[in-house]
Amino acid sequence: MQLTLERPDHEFFLRGADGGSALVNERRLESSFVLAPDRLIEDWAVADIGALGAGELAPVLALKPEVVLLGTGETQVFPSAAAMAACLSQGIGVEVMSNAAAARTFNVLAGEGRRVVAAFVLAR
């Protein structure tokens, strides 16, 4: 049986995420971060989804996504209406889900060549 390693066309691949950590390529991250297919922003200053506002979304929106995946930890927790409006008012779709679901969705959309940015809140 022949086994081949499928390599994505993008620089960063999210191997998995949960409420406390994520594995990007071969690197384990344990603090909140922002990920695009070609960019990794570590130490995103959001530790609690309840504190997420438009200002904290600035590094996410600066990457000019067509859709933002917001990984809110172990479970899905919706952010404030102001945070959602920061994306929607610019015509950017936003999907809120658990970190594990956001990781799977990111890989699918990035593999399709979509301009996706995922922001993950990790418990410290």
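**Entry 1: β6 and β7**

I started with β6 and β7, which pair in the parallel sense over five bridges. Note to self: this is a predicted model. I picked one bridge to look at, and L69 turned out to have E95 in β7 as its partner.

I reminded myself that strands of a sheet pair through backbone hydrogen bonds, either parallel or antiparallel.

**Entry 2: the whole sheet**

Next I wanted the strand order. In which order do the five strands of the open sheet stand? I read it off as β5-β4-β8-β6-β7, with mixed pairing. β5 (39–41) and β7 are at the edges with a single partner strand each, so each has one side without a neighbour in the sheet. I also looked up the twist, which averages 15 degrees from one strand to the next.

**Entry 3: β8 and its partners**

I moved on to β8. How do β6 and β8 run, parallel or antiparallel? They run parallel, and five bridges join them. One thing I checked here was V67, which stands opposite V116 in β8.

Then I looked at β4. This strand runs antiparallel to β8, and three bridges join the two. Here I found V34 standing opposite A119 in β8.

Is β8 covered or open? I noted that it is mostly covered, with five of its five residues buried. V116, A118 and F120 point one way, V117 and A119 point the other way, and all are buried.

**Entry 4: an aromatic pair**

I searched the whole structure for aromatic pairs and got one. It is made by F33 and F120, and the pair is stacked, at 4.9 Å centre to centre with 15 degrees between the planes. The pair links distant parts of the chain, since F33 is in strand β4 and F120 is in strand β8, 87 residues apart.

Why does F33 count as buried? Its relative accessible area is 0%, and the cut-off for buried is under 20%. F120 counts as buried too, because its relative accessibility is 0%.

**Entry 5: helix α3**

Time for a helix. I did a quick sum on α3 (residues 99–111): at 1.5 Å a residue, its 13 residues should span 18 Å. The multiplier is one less than the number of residues. The end C-alpha atoms are 18 Å apart, so the model agrees with the expected span.

Which residues of α3 are buried? I listed N99, A101, A102, A103, F106, N107, L109 and A110. What do they pack against? I found β1 (14–17), β4 (33–36), β6 (67–71), β7 (93–97) and β8 (116–120). After the helix comes G113, and I wrote down that its phi is positive, near 80 degrees.

**Entry 6: Q76**

Last stop was Q76. Where is Q76 found? I located it in the loop between β6 and α2 (81–88). Its relative accessibility is 45%, so I put Q76 down as partly exposed; that label covers values between 20% and 50%.

Leaving out residues up to four places away in sequence, I saw Q76 touch V96, M97 and S98. The side chain of Q76 reaches the backbone oxygen of V96 at 2.7 Å. I also checked Q76 against G16: they are 60 residues apart in sequence, and 16 Å apart in space from C-alpha to C-alpha.

Key:
Residues numbered from 1 in each chain as written. Predicted model: local features only at pLDDT ≥ 70, side-chain atom pairs only at ≥ 80, totals over all residues. Heavy atoms only, no water. Helix = DSSP H or I, 4+ residues; strand = E, 2+ residues; numbered from the N terminus. Buried < 20%, exposed > 50% of the residue type's maximum accessible area, 1.4 Å probe, protein only. Contact = heavy atoms within 4.5 Å. Polar contact = N/O pair within 3.5 Å; in protein donor to acceptor, adjacent residues only side chain to side chain. Pairing = 2+ DSSP bridges. Axes fitted to C-alpha atoms, helices over the stretch in contact; angles between N-to-C directions. Phe/Tyr/Trp six-rings, centres within 6.5 Å; stacked < 30°, edge-to-face > 60°.
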